[in-house]
Amino acid sequence: MASHPIGSRIFRAVIRRLRKTADLETILGSLDSSSTEDGHSVLEKVINKGQHAVLNELATKCSQEGFTDVQRSFVKMLFTSLGHSGVKPQPNTEEEDPLIRCVVGLVSCQKMGSLIHDETDESELVQNNLCQPVTLPGCLLAQKLFSYHTARPTVLAASLCTQSSARLQAWAKHPMLSRVLESALLSDSVPTSRKSHLLGVLEVNLLDIVRDRYGSRVVEALWTAVDSMPEPDALKERLVARLATSRVQLSTHPFGHFVHHKLQLDLFADAPSLWRKRVLHSHGSAQKRSTLISDHQASKRNRKAHASKNKQNTRQ
């Protein structure tokens, strides 16, 4: 039923109305069982038949309160159905891990091999090829996986960071894949080291990304993600310094002006010290602490003055 074009609608309706964790576990168990026809699991048939909405329905249900304990089982099933071992790729590896591309494209790792172009040929390094394969349900699924807290997306984030710089920069300007990058940058479950890696990759071509319709949103997400990194003030100042030289161009750009306003590039160029006080987190916190101390001291003085007035009135 789950892989049937019409039956899958009923299957999704049943998933939406589940109230017990045990019922969801039973459904996942049935999807994980092998089919007698070709030996593939039912979930693999769902993916191959293009009934991707079933996956998103399951992912959404696993994110709801009361069903989060099932996240690990669902993620393990999903990775297995896509032909991935679920093992986190080694750091500093030169080979791209296919998991993140399998998820956004909803194709198995075996089929991915036939879709990968020879990247030694520079003519193939165009944005369309770097963004393939991609599907809307796959991108929505990746965004949901990055939001998980019980089954933290450490493997998926590691796979994302193994992608080439050219691919990640192309993803930042893609209408669907840019949202995947945004979700990874803004997720509390993604390790800070992975976000720092994305910062280093996107920073190289920052101006070009800022001037893109979708890339400007990624830069705004990157600006927010910097707050969770070590020494966020220094990183923010470094990002602004890269864009400050093009502030006039960005101020009139149809998409760049959003980042221009958010980062206050004109203020940084005219008065860096004032920009630090208004924008940077540490200066804002210090100013807030000083304000609280001064308010406390003022209220203390007011109480003393009020007490002295009461004494004078009593004597009179």
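# Report on a predicted helical chain

The chain contains 21 helices and zero strands. Helices (H or I, at least four residues) and strands (E, at least two) are DSSP runs, numbered from the N terminus. The model is predicted, so local features need a pLDDT of at least 70 and side-chain atom pairs count only at pLDDT 80 or more, while totals for chains, interfaces and linings use all residues. Residues are numbered from 1 along each chain as its sequence is written, and side-chain values use heavy atoms, with hydrogens and water left out.

## Confidence and overall composition

The pLDDT is the predictor's confidence in each residue, from 0 to 100. For this chain the mean pLDDT is 86, and 83% of the residues reach 70 or more. Two stretches have lower values. Residues 118–124 have a pLDDT below 50, and beyond near neighbours in sequence this stretch has six contacts in the model. Residues 283–294 also have a pLDDT below 50, with four contacts in the model beyond near neighbours in sequence. Where pLDDT is low, the predicted coordinates should not be read in detail.

A contact here means heavy atoms within 4.5 Å. Among the contacts in the chain with a separation of 6 or more, 69% are between residues 24 or more positions apart. Of the 316 residues, 43% count as buried. Buried means under 20% relative accessible area, exposed means over 50%, and partly exposed lies in between (1.4 Å probe, protein chains only).

## Helix α10 and its surroundings

Helix α10 is largely enclosed by the rest of the structure, because seven of its eight residues are buried. These buried residues are V155, L156, A157, A158, S159, L160 and C161. Their cover includes α5 (71–81), α6 (99–105), α9 (136–146), α11 (165–171), α12 (177–186) and α13.

The packing of α10 (residues 154–161) against α13 (residues 192–204) has an angle of about 20°, and the axes are 10 Å apart. This angle makes α10 roughly parallel to α13. Axes are lines fitted to C-alpha atoms, for helices over the stretch in contact, and angles run from 0 to 180 degrees between N-to-C directions. Angles under 35 degrees count as roughly parallel, over 145 as roughly antiparallel, 65 to 115 as roughly perpendicular and the rest as oblique. The crossing of α10 and α13 is left-handed, a term used if the near helix is turned anticlockwise from the far one by less than a right angle, with right-handed used if clockwise.

On the α10 side, the contact is made by A157, A158, L160 and C161, and on the α13 side by R194, H197 and L198. These residues divide into five nonpolar, one polar and one charged. Ala, Val, Leu, Ile, Met, Phe, Trp, Tyr, Cys and Pro count as nonpolar, Asp, Glu, Lys and Arg as charged, and the others, Gly among them, as polar.

## Helices α2 and α4

Another pair is formed by α2 (residues 21–32) and α4 (residues 52–63), whose axes come within 12 Å and cross at roughly 145°. This crossing is left-handed. L24, L28 and L31 of α2 meet L58, K61 and C62 of α4. The residues of this contact are five nonpolar, no polar and one charged.

## Backbone features in loops

Most residues other than glycine have a negative phi, and most peptide bonds are trans. The table lists two residues with a positive phi that are not glycines.

| Residue | Phi | Loop | Relative accessibility |
|---|---|---|---|
| L106 | about 50° | between α6 and α7 (109–115) | 5%, buried |
| E231 | about 55° | between α15 (215–225) and α16 (232–244) | 61%, exposed |

A cis peptide bond joins Q132 and P133, with omega about -5°. P133 lies in the loop between α8 (127–130) and α9.

## Two residues of helix α18

H260 lies in helix α18 (residues 256–263), and K262 lies in helix α18 as well. H260 is buried, with a relative accessible area of 11%, whereas K262 counts as partly exposed at 35% relative accessibility.

Leaving aside neighbours within four places in sequence, H260 is in contact with R247, L250, S251, L265 and D266. On the same basis, K262 is in contact with E220 and W223. H260 and S246 are 14 residues apart in sequence and 9.5 Å apart in space, C-alpha to C-alpha. K262 and V279 are 17 residues apart along the chain, and their C-alpha atoms are separated by 9.6 Å.
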